[in-house]
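Q: Could you walk me through the pockets and the ligand of this protein, and tell me what the labels rest on?

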Amino acid sequence: MNQLLMRALRGEPTERRPLWIMRQAGRYLPEYRALRRRLSFVELCSRPAEAAEVTMMPLRRFPLDAAIVFADIMSPVAALGIDVDFAPGPVIENPLRSVADIEGLPDPPSEAIAPEVIETLERVKAELSDDVALLGFSAGPWTLAAYLVEGHGKRGFPALRSMAFRDPELLDNLLGRLVKLSAKYLVAQARAGADAVQVFETWSGLLSAGDWNRIVKPHLRALLDAVSEAGVPRILFVQEAPHLVEETLDLPADGFSFDWRIDLKSVRERIPATTAIQGNIDPAILLAGPQATTAAATELLQQVPATGHIVNLGHGILPTTPIASVEALVEVVRRSGDGC
Ligand code: 1CP
């Protein structure tokens, strides 16, 4: 496959760096906001034709190098019999807290896990130009557990962290079940046309390095290992976790995505040339406008060696981001290929 993103994920030199943007299909796009006035987020995700259209929206505006399927990290949990609302983040009416809550969870077959996302991937794949990679994704087990145990996004996720110490075996049981679910889901996404997959372990940074190594890392390793069966590259994203960079880098991923707190140049020096790095402009810089964006992107490209670097933000693009800032980012990356 000749896509820039896939070549970068193999650590091959490319004529310019690939670019995509986390949460690229979201509320900063007027056409997305217009569609959201008619349909709720849950409705959008449950309709493959509409979800495929939303997946394509950023690609119709900007010459990006990847599409990421429009879904949410909570999409697979319906297969566990759990209802999720969005307000605007995930809300679970009955969070998982007891042995009965967790031991009672089913082990659904692959076909039962978010079939609407699988169909969306098939639709996008049929429409996408050959030079644009299609990305599937899931949450990491800890991040998925964060919403399932806490019930909603909450600073520090205290219910989750206390479960880790009050009943470590119960949390371990839950994480193991979520690894099984996500592994089947990611393999199915690859079969449906995803060229690569990203695991969002967004809330990694909540634990100390010692606790993360003990509680989360074995499960994350098991997930990444299980997904190798699909034969597609795996990108691992961790956030707010400068203390976990060293711990993360020996996991079996083909690319590592970090937020803006991490110096990608020094990460590059510590990983094999065949492993990619992704990121990591602070999304808030785009709020400061196209000039600030151009300056930050130019500096990033100067500092991080081109080979094996996938340009992205350090976290999801913010809803109030001006379109002109995204255009400025695209322009810097595209121009960096001039004359090569
Ligand atoms: O381009 C795309 O938008 C891709 C689809 C996508 C992805 C990859 C969505 C759609 N969400 C995600 C990942 C996601 N969702 C993560 C991991 C990445 C990250 O850290 O940003 C997390 C933690 C979530 C959970 C979530 N879902 C939040 C976070 C807030 C919280 O309370 O913790 C929010 C706001 C949502 C809803 C959601 N998911 C996606 C969109 C476009 C939206 C907003 C829905 C809307 O109001 O229109």
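A: Sure, starting with Gln24: one of its backbone N or O atoms lies 3.1 Å from an oxygen atom of the ligand. Keep in mind that this is a predicted model, where local features need pLDDT of at least 70 and side-chain atom pairs count only at pLDDT 80 or more, while totals for chains, interfaces and linings use all residues. Residues are numbered from 1 along each chain as its sequence is written, and side-chain values use heavy atoms, with hydrogens and water left out.

Q: What makes that a polar contact?
A: A polar contact is a pair of N or O atoms within 3.5 Å (within protein, one must be able to donate a hydrogen and the other to accept it, and residues adjacent in sequence count only if both atoms are side-chain atoms). For Gln24 the value is 3.1 Å, so the pair qualifies. Two side chains pass too: a polar atom of Tyr32 is 2.5 Å from a ligand oxygen, and an N or O atom of Arg23 is 3.1 Å from a ligand nitrogen.

Q: How much of the ligand does the protein cover?
A: On its own the ligand has 880 Å² of accessible area, and the protein covers 90% of that. Such areas come from the Shrake-Rupley method with a 1.4 Å probe.

Q: Which residues come nearest the ligand?
A: Tyr32, Arg36, Tyr147, Thr202 and His315 do, out of 23 around the ligand. To be near, a residue needs a heavy atom within 4 Å. By class, this shell has 14 nonpolar, five polar and four charged residues. Here Ala, Val, Leu, Ile, Met, Phe, Trp, Tyr, Cys and Pro count as nonpolar, Asp, Glu, Lys and Arg as charged, and the others, Gly among them, as polar.

Q: What makes a space a pocket?
A: On a 1 Å grid over the protein atoms alone, a pocket is an open set of points with protein on both sides within 12 Å along at least five of seven lines; lining residues have an atom within 4 Å of a point. The largest pocket holds about 1400 Å³ of space, and a volume is the space filled by probe spheres set on the points. Its lining has 47 residues, with Arg23, Asp72, Gly89, Tyr147 and His315 nearest the centre.

Q: What about the second largest pocket, and how big is its volume?
A: The second largest pocket has about 280 Å³. It is lined by 15 residues, and Val42, Ser75, Ala78, Val84 and Phe86 are the closest to its centre. The most comes from α3, with four residues.

Q: Which peptide bonds here are called cis?
A: One joins Ala87 and Pro88, with omega about -15 degrees, and another runs from Gly279 to Asn280, with omega near -5 degrees. Pro88 lies in the loop between β2 and β3 (90–91), whereas Asn280 is in strand β8 (residues 276–281). Strands (E, at least two residues) and helices (H or I, at least four) are DSSP runs, numbered from the N terminus.

Notes. 1 Å grid on protein atoms, 1.4 Å probe; cavity = no way out; pocket = protein on both sides within 12 Å on 5 of 7 lines; lining within 4 Å.
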